[in-house]
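Trainee: I am new to this structure and should like to go through its unusual local features. May I put some questions to you?

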Amino acid sequence: QTGSANTNPSDSADDEYITSVSIGTPAQVLPLDFDTGSSDLWVFSSETPKSSASGHTLYSPSKSSTAKKLSGSTWSIEYGDKSSSSGDVYTDVVTIGGFSVKTQAVESATKVSTQFVQDTVISGLVGLGFDVGNQVSPRPQKTWFSNAANSLAEPLFTADLRHQETGSYNFGFIDTSLAKGTIGYTPADGSEGYWGFTATGYSVGGAKLNRNSITGIADTGTTLLLLPDNIVDAYYNNVESAQYDDSQEGVVFDCSEDLPSFSFGVGGQTITISGDLLNLTPIEEGSSTCFGGLQSSADIGINIFGDVALKAALVVFDLGNERLGWAQK
Ligand SMILES: CSC[C@H](NC(=O)[C@H](Cc1ccccc1)OC(=O)N1CCC(N)CC1)C(=O)N[C@@H](CC1CCCCC1)[C@@H](O)Cn1ccccc1=O
């Protein structure tokens, strides 16, 4: 058995990727953000305060004949960008890309932070990290993928995120036609709950890869490519107008600049992110100053290969073999 779901950029900056998920009987369809950096499936619901819920699609367990309250269970989560949510837990059937998990923990939000209230393009998250990261207490719950893995043809999923076009999350199979290059595999470290790996080197503008390894995570829920300052500086030294903008909290440059590419080595392959994928978006509508897709990870403490990097590749999240595969797109 397999599953295949389309995913779409939320806006012109590819800030988030939205995938439709069916929950309950009859199906209630919600737009959710798939996040390989976390391990909870949570949704805006009939239990979310009305003042916070407006503009969002809501899950109503009372309207689902297959919903069951997981009595006594609660959850609370805070993300890297300081956004947060919490609530109680139901189990219900959850279908993604045509594949159904009958008894999936669906975490219902009774509280959401301002960022989520304002981010009306999504009504929750599907955590695709490792089960060890789940935040339900007293008994942590399994992710949708973990519940699905044993029934899928292969215990893996792929992410094919695209710049301003429809991409896909495929479950249980690898569609190699989505990639140009060979898939290079490298061990994945799931001990912290997310998909950790080590890149073997990097280069700017098509130069030969150096051997400076970078340990980080493959994170579909993070917009940017966040790397150490020495790499960020080496990259923007090639961009004449680049400067740090305090209000934007990042490096900005003239939108007319011809940005160099950025490459990294992984699993024996080289993944090259083209310059135009690294020119994210004008800092505001109509501005000729643009915000960089590569920014510093210094104040986060972890390097994050987010959507800007993932867009350059077909990425295989292989739970069965605890490895990550990367192929140039
Ligand atoms: C330093 S991790 C920052 C990262 N959040 C982002 O990337 C947000 C995404 C976004 C974009 C637009 C609207 C709303 C949200 O976007 C920015 O922060 N941006 C983009 C726009 C830019 N102008 C400024 C910088 C982040 O917490 N991800 C987590 C998942 C997110 C949470 C928020 C909702 C979307 C999914 C998560 O995987 C990060 N994680 C990774 C490993 C371990 C724990 C952990 O928690």
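The conversation below takes up peptide bonds, backbone angles, a buried charge and a disulfide.

Trainee: Which residue does a cis peptide bond join to Thr 25?

Mentor: This is a predicted model. Most peptide bonds are trans. Here, however, omega is about -10° and the bond is cis. The partner lies in the loop between strand E2 (17–23) and strand E3 (28–35), and the residue joined to Thr 25 is Pro 26.

Trainee: What is omega for the peptide bond from Ser 137 to Pro 138?

Mentor: Pro 138 belongs to the loop between strand E9 (136–137) and helix H3 (144–149). The bond leading to Pro 138 from Ser 137 is cis, with omega near 5°.

Trainee: Where is Gln 164 found, and is Gln 164 buried or partly exposed?

Mentor: Most residues other than glycine have a negative phi. Gln 164 is not a glycine, yet has a positive phi of about 55°. Its place is the loop between strand E10 (156–160) and strand E11 (167–171). Because the relative accessible area of Gln 164 is 40%, the residue counts as partly exposed.

Trainee: What is the relative accessible area of Glu 322?

Mentor: Glu 322 also has a positive phi, near 45°. This residue sits in the loop between strand E25 (313–318) and strand E26 (323–328). Glu 322 is partly exposed, and its relative accessible area is 39%.

Trainee: Which side chain of opposite charge is nearest to Asp 40, and how far away is that side chain?

Mentor: Asp 40 lies in the loop between E3 and strand E4 (41–43). The residue is buried but has no salt bridge. Its side chain does make a polar contact with the side chain of Asn 134, at 3.4 Å, and among the residues Asp 40 touches are Trp 75, Ile 77 and Glu 107. The nearest side chain of opposite charge is that of Lys 142, at 14 Å.

Trainee: Which residues form the disulfide?

Mentor: A search of the whole structure finds one disulfide. Its sulfur atoms are 2.1 Å apart, and the link is right-handed, with 105° about the S-S bond. The two residues are Cys 255 and Cys 290.

Trainee: Why does Cys 290 count as buried, whereas Cys 255 counts as partly exposed?

Mentor: The pair links distant parts of the chain, 35 residues apart, with Cys 255 in the loop between strand E18 (250–254) and strand E19 (262–266) and Cys 290 in strand E22. Buried means under 20% relative accessible area. Cys 255 is partly exposed because its relative accessibility is 23%, whereas Cys 290 is buried because its relative accessible area is 4%.

Conventions: Residues numbered from 1 in each chain as written. Predicted model: local features only at pLDDT ≥ 70, side-chain atom pairs only at ≥ 80, totals over all residues. Heavy atoms only, no water. Helix = DSSP H or I, 4+ residues; strand = E, 2+ residues; numbered from the N terminus. Buried < 20%, exposed > 50% of the residue type's maximum accessible area, 1.4 Å probe, protein only. Lys, Arg positive; Asp, Glu negative; His and termini not counted. Salt bridge = Lys/Arg side-chain N within 4 Å of Asp/Glu carboxyl O. Polar contact = N/O pair within 3.5 Å; in protein donor to acceptor, adjacent residues only side chain to side chain. Contact = heavy atoms within 4.5 Å. Disulfide = S-S within 2.5 Å. Lists of a residue's contacts leave out its neighbours within four places in sequence.
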